[in-house]
Amino acid sequence: MKVDIRIAVTDGWIDTPDGIKHYIFGFVDITGVPEAEIFNYCGKAELMAPPLVFIVGDEVYLTLTNIGTPTRPDLDDPHTIHYHGFPNQIAFYDGVPEPSIAVPVGRNFTYYYKPLNPGTYMYHCHQEPVEHIQMGMTGPLIVRPADYDPDYPEYKTAYGHGTGTEFDREFYIFLSELDCHIHDLIAKVQDPDWTEYKPTYWLINGRSYPDTITNPTPCCLQQQPWSALIRANAGEKVLLRFVNLGFQQHALQLPGTVFKIIGMDAMRPLGRNGEDLSFFKNVVYISPGQSTDAIFTVPDPFQGQAGFPVVLSLYNRNLNKNYTAGMVPGGMISQVHIYPPGTLPPQTAPNQ
Ligand SMILES: [Cu+2]
């Protein structure tokens, strides 16, 4: 299927629960926005960047439009889109500025791609990547298998019918960090030294706990529209699509259940003869630039009885990343809310 997407690149401001605003660079979806209105999106960059969802075999035309950075009008940085982890991308459309081209302020460039392999990927700007990735130009990307069909449980899978990767609900768990000192320097037209990178905030889907579990999104988090709250009925299979585009390793744990690792870096673990080598782990240890697909079966604490939602915590096992500016708990924490079987209707989009 032909897919047309238009993404604008600009700057913006995000909130953390301590009441501080942080300057970011980032992307915002302007697909279908009339040409005369695209500059209304200046300064409206979102963290995490809009998730992209494709199906194997799609003909994807993604137009990147650089609408400038109103807080820093002196910056004339070009930007790109790099589909991280796509094995068959050609250099011209890969967003690495040296062998490709980058998009200056006021210009467009249309990237073409035809995804061949299902899995969880990510995308980011590749111009001055140390700065632009850290400033927030990062988002997740799903490629669904060609036979994906959400109306039939055996075809609602991460890697295709018969691969043992069926799920009932799916959630982006997009990990990054933020060094507020450097973001502040950039907002104030200073030149940061990135060798002094020392993050002070740890984020899931662009938010710091307790903002991670706020759902629906309140008006104060409009530029961080993705809650990380996981809601599911007891007994369901939940697929967590972990992506790390921070600069640190992270170790995510969900006490009360166990993760079945069904994919890493958009590759289903298979043996030489095609045998299923998925495995079980308590902790998802994930490096920068890595993705991990983990399914857990929601435990049933109700045993046929009615009850209120039961809460499990998903948190970074590096416990020093579970605070926000001295407030504990904070940082890289989210929650699973378990409902009695049959309570929640079927999920129609990720992170609902
Ligand atoms: Cu950039």
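Here are some questions and answers about this predicted model.

Q: How many residues does each domain bring to the contact between domain 1 and domain 2?
A: Let's start with the overall layout: the domain assignment gives domain 1 as 2-147 and domain 2 as 173-339. Their centres, taken over C-alpha atoms, are separated by 21 Å. The contact takes 36 residues from domain 2 and, from domain 1, 34 residues.

Q: Which element gives the largest share of the side of domain 1 that touches domain 2?
A: Several elements give two or more residues to this side, namely strand S1 (2-15), S2, strand S7 (119-124), helix H1 (129-134) and strand S8 (138-144). By kind, the residues on this side divide into 15 nonpolar, 12 polar and seven charged. The largest share, five residues, comes from S7.

Q: Which strands stand at the edges of the open sheet of four strands?
A: Follow the order of the sheet, S2-S1-S4-S6, where the pairing is mixed. Neighbouring strands here are turned by 25° against each other on average, direction ignored. A strand at the edge has a single partner strand, so one side of it is left without a neighbour in the sheet; this holds for S2 and S6 (108-113).

Q: Which residue of S6 stands opposite Thr63?
A: Strand S4 (residues 59-66) and S6 run antiparallel. Six bridges join these two strands. In S6, the residue opposite Thr63 is Thr110.

Q: In what sense, parallel or antiparallel, does S12 pair with S9, and in what sense with S17?
A: Strand S12 (residues 237-244) is mostly covered, with seven of its eight residues buried. With S9, S12 forms seven bridges, and Glu170 stands opposite Leu239 in S12. With strand S17 (residues 291-297), S12 is also joined by seven bridges, and Val243 stands opposite Ser291 in S17. The sense is parallel for S9 and antiparallel for S17.

Q: Why do the buried residues of helix H2 line one face of the helix?
A: In H2 (residues 180-187), the buried residues are Ile182, His183 and Ile186. Looking down the axis of H2, you can see them on one face of the helix, because they fall within an arc of 100°.

Q: Which strands are included in what covers the buried residues of H2?
A: The residues to be covered are Ile182, His183 and Ile186. One of the strands that cover them spans 21-29, and another spans 169-178. These are S2 and S9.

Q: Which residue with a positive phi follows H2?
A: Helix H2 covers residues 180-187. The residue to look for after H2 has a phi near 60°. That residue is Val189.

Q: Why does Leu178 count as buried?
A: Leu178 is found in strand S9. A residue is buried if 20 or more other C-beta atoms lie within 10 Å of its own. Leu178 therefore counts as buried, since its C-beta neighbours inside 10 Å number 23.

Q: What distance separates the C-alpha atoms of Leu178 and Tyr201?
A: Leaving aside neighbours within four places in sequence, Leu178 is in contact with His22, His183, Pro199, Thr200, Tyr201 and Leu203. Among them, His183 is one of the buried residues of H2. Tyr201 is 23 residues from Leu178 along the chain, while their C-alpha atoms are separated by 5.1 Å.

Terms used. Residues are numbered from 1 along each chain as its sequence is written. This is a predicted model: local features need pLDDT of at least 70, side-chain atom pairs count only at pLDDT 80 or more; totals for chains, interfaces and linings use all residues. A residue is buried if 20 or more other C-beta atoms lie within 10 Å of its own, exposed if 12 or fewer, and partly exposed in between; C-beta atoms are placed from the backbone. The arc is that of the directions from the helix axis to the C-beta atoms. Two residues are in contact if their C-beta atoms, placed from the backbone, lie within 7 Å. Domain bounds come from an automatic or database domain assignment. Ala, Val, Leu, Ile, Met, Phe, Trp, Tyr, Cys and Pro count as nonpolar, Asp, Glu, Lys and Arg as charged, and the others, Gly among them, as polar. Two strands pair if DSSP finds at least two bridges between them. Axes are lines fitted to C-alpha atoms, for helices over the stretch in contact, and angles run from 0 to 180 degrees between N-to-C directions.
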